[in-house]
Amino acid sequence: MITFFFIIIYLGPMVLMMIVMCVQIKCFHEIITIGYNVYHSYDLPWFRTLSWYFLLCVNYFFYGETVTDYFFTLVQREEPLRILSKYHRFISFALYLTGFCMFVLSLVKKHYRLQFYMFGWTHVTLLIVVTQSHLIIHNLFEGMIWFIVPISCVICNDIMAYMFGFFFGRTPLIKLSPKKTWEGFIGGFFATVLFGLLLSYVMSGYRCFTCPVEFNNDTNSFTVDCEPSELFQLQEYNIPLVLQSVVGWKTLRMYPFQIHSIALSTFASLIGPFGGFFASGFKRAFKIKDFANTIPGHGGIMDRFDCQYLMATFVNVYIASFIRGPNPSKLIQQFLTLRPDQQLHIFNTLKAHLVDKGIMSITRSLLEFWMLCC
């Protein structure tokens, strides 16, 4: 599995996105199949058909939003895409309403309660699986490092918690997973933080990992090339006086991203395992050992990704809260699609603002305005 992970990373972001899509579909299939196996004897009409239809609707909505957001220029250039983009949310809502009406029409008097159970089952599955896998793809667009480091931290914590628990484990951690111990939980935490720091240091030096995935309009292809942001440039940090006598250094050179990796690895080791505990509780509720038997000896795909979805949501929220700022290139792209009078209005507003701030002189602004008019 680790070898396969390295291969798909080598193949690039587009392959990674396709893999995420395939994993999402398989996880959805495993959870829906459990519901079907539990209630199949009741012969609920259209249950599986509607479940897959809702999966299609939700994916159409999320991926349509992504395409419009990240490939704005391409969408505006192609007329069919531009029309689909303009009415995307209306089309998505219409598709969902169609499925909603089909569900209502499928209601059978003797199965009302069960049918609403399964309607809720499908929607909770969509929330857990599809929404969070969509966030994984958003993380990928920010740079492959935001995808690889969190996933690797979860894998490292899983392995190291097992190792520490196997050799030193004495105290049970939680009843849902009797084999989990406090020793493994704490040992996995420290090992994961150290691993995250080392992996972040190595990856921060490569543009292919740190640069955001962007669409190049000239070549009509995806590119991963940029000038590294300050987040991925080595900087000197002063070591606290208390620690200077211990380590013997006054300063330390490291990437700012390594500091963020501490937050990622901490979440992966302290909160991430609760995704696994949640999955264990779910399986116990239905008296099953694994979600499926897709991977020999490891169960289903969902058994391997129960912690990853929770981690993906945290990374996306973390980027939006502490990392991502205004994107000038997206603003320019939207500006160029406006009508000339709207562009001129924005130009005059911006010019007045810059003059008031003293950034642009009146003479220079008048000259540029004259050139614009000409």
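Helices (DSSP runs of H or I, at least four residues) and strands (DSSP runs of E, at least two residues) are numbered from the N terminus. This is a predicted model, where local features need pLDDT of at least 70, side-chain atom pairs count only at pLDDT 80 or more, and totals for chains, interfaces and linings use all residues. Residues are numbered from 1 along each chain as its sequence is written, and side-chain values use heavy atoms, with hydrogens and water left out.

**Exercise 1: The overall picture**

Task: Find out how many helices and strands the protein has, and what share of its residues is buried.

Solution:
- Step 1. Start with the helices and strands: the protein has 17 helices and 6 strands.
- Step 2. Now for burial. Buried means under 20% relative accessible area, exposed means over 50%, and partly exposed is in between (1.4 Å probe, protein chains only). Of the 374 residues in the protein, 39% are buried.
- Step 3. For the dimensions, take the box along the principal axes: the C-alpha atoms fill roughly 80 × 70 × 35 Å.
- Step 4. Finally, look at contacts (heavy atoms within 4.5 Å). Among those between residues at least 6 apart in sequence, 67% join residues at least 24 apart.

**Exercise 2: Trp-52**

Task: Work out where Trp-52 sits and which residues it is in contact with.

Solution:
- Step 1. Trp-52 belongs to helix H3.
- Step 2. Its relative accessibility is 32%, so Trp-52 counts as partly exposed.
- Step 3. Skip the neighbours within four places in sequence, and the contacts of Trp-52 are Ile-25, Phe-28 and His-29.
- Step 4. Pick Phe-28 from that list: Trp-52 and Phe-28 are 24 residues apart along the chain, with 8.9 Å between their C-alpha atoms.

**Exercise 3: Ser-200 and Asn-157**

Task: Decide whether Ser-200 is buried or exposed, do likewise for Asn-157, and then look up their polar contacts.

Solution:
- Step 1. Ser-200 is part of helix H9 (residues 182–203). With 0% relative accessibility, Ser-200 counts as buried.
- Step 2. Not counting residues up to four places away in sequence, Ser-200 touches Val-149, Phe-257, Gln-258 and Ser-261. Lys-283 is 83 residues from Ser-200 in sequence, and their C-alpha atoms are 35 Å apart.
- Step 3. The side chain of Ser-200 also reaches the backbone oxygen of Gly-196, at 2.7 Å.
- Step 4. Over to Asn-157, which lies in helix H8. Asn-157 is buried too, because its relative accessible area is 6%.
- Step 5. The side chains of Asn-157 and Thr-192 are joined by a polar contact of 3.4 Å. That term means a pair of N or O atoms within 3.5 Å; within protein, one must be able to donate a hydrogen and the other to accept it, and residues adjacent in sequence count only if both atoms are side-chain atoms.

**Exercise 4: Salt bridges**

Task: Count the salt bridges and examine a few of them.

Solution:
- Step 1. Here's the rule: a side-chain nitrogen of Lys or Arg lies within 4 Å of a carboxyl oxygen of Asp or Glu. By this rule there are 7 salt bridges.
- Step 2. Glu-79 and Arg-82 form one of them, at 2.6 Å from N to O. Both residues lie in helix H5 (residues 79–86), 3 residues apart, or about one turn of the helix. Glu-79 counts as partly exposed because its relative accessibility is 42%.
- Step 3. Arg-324 pairs with Glu-142, with 3.1 Å between the closest N and O atoms. This pair links distant parts of the chain, 182 residues apart: Arg-324 is in the loop between H14 and H15, and Glu-142 is in the loop between H7 and H8.
- Step 4. Asp-341 forms a salt bridge with Arg-339, where the closest N and O atoms are 3.2 Å apart. Salt bridges that share partners also join Arg-207, Asp-225 and Glu-227 into one network.

**Exercise 5: Checking a helix**

Task: Compare the expected span of helix H16 with the distance between its end C-alpha atoms.

Solution:
- Step 1. The expected span is 1.5 Å times one less than the number of residues.
- Step 2. Helix H16 (residues 340–357) has 18 residues, so it should span 26 Å.
- Step 3. The end C-alpha atoms of H16 are 26 Å apart, which agrees.
- Step 4. After H16 comes Gly-358, which has a positive phi, near 80 degrees.
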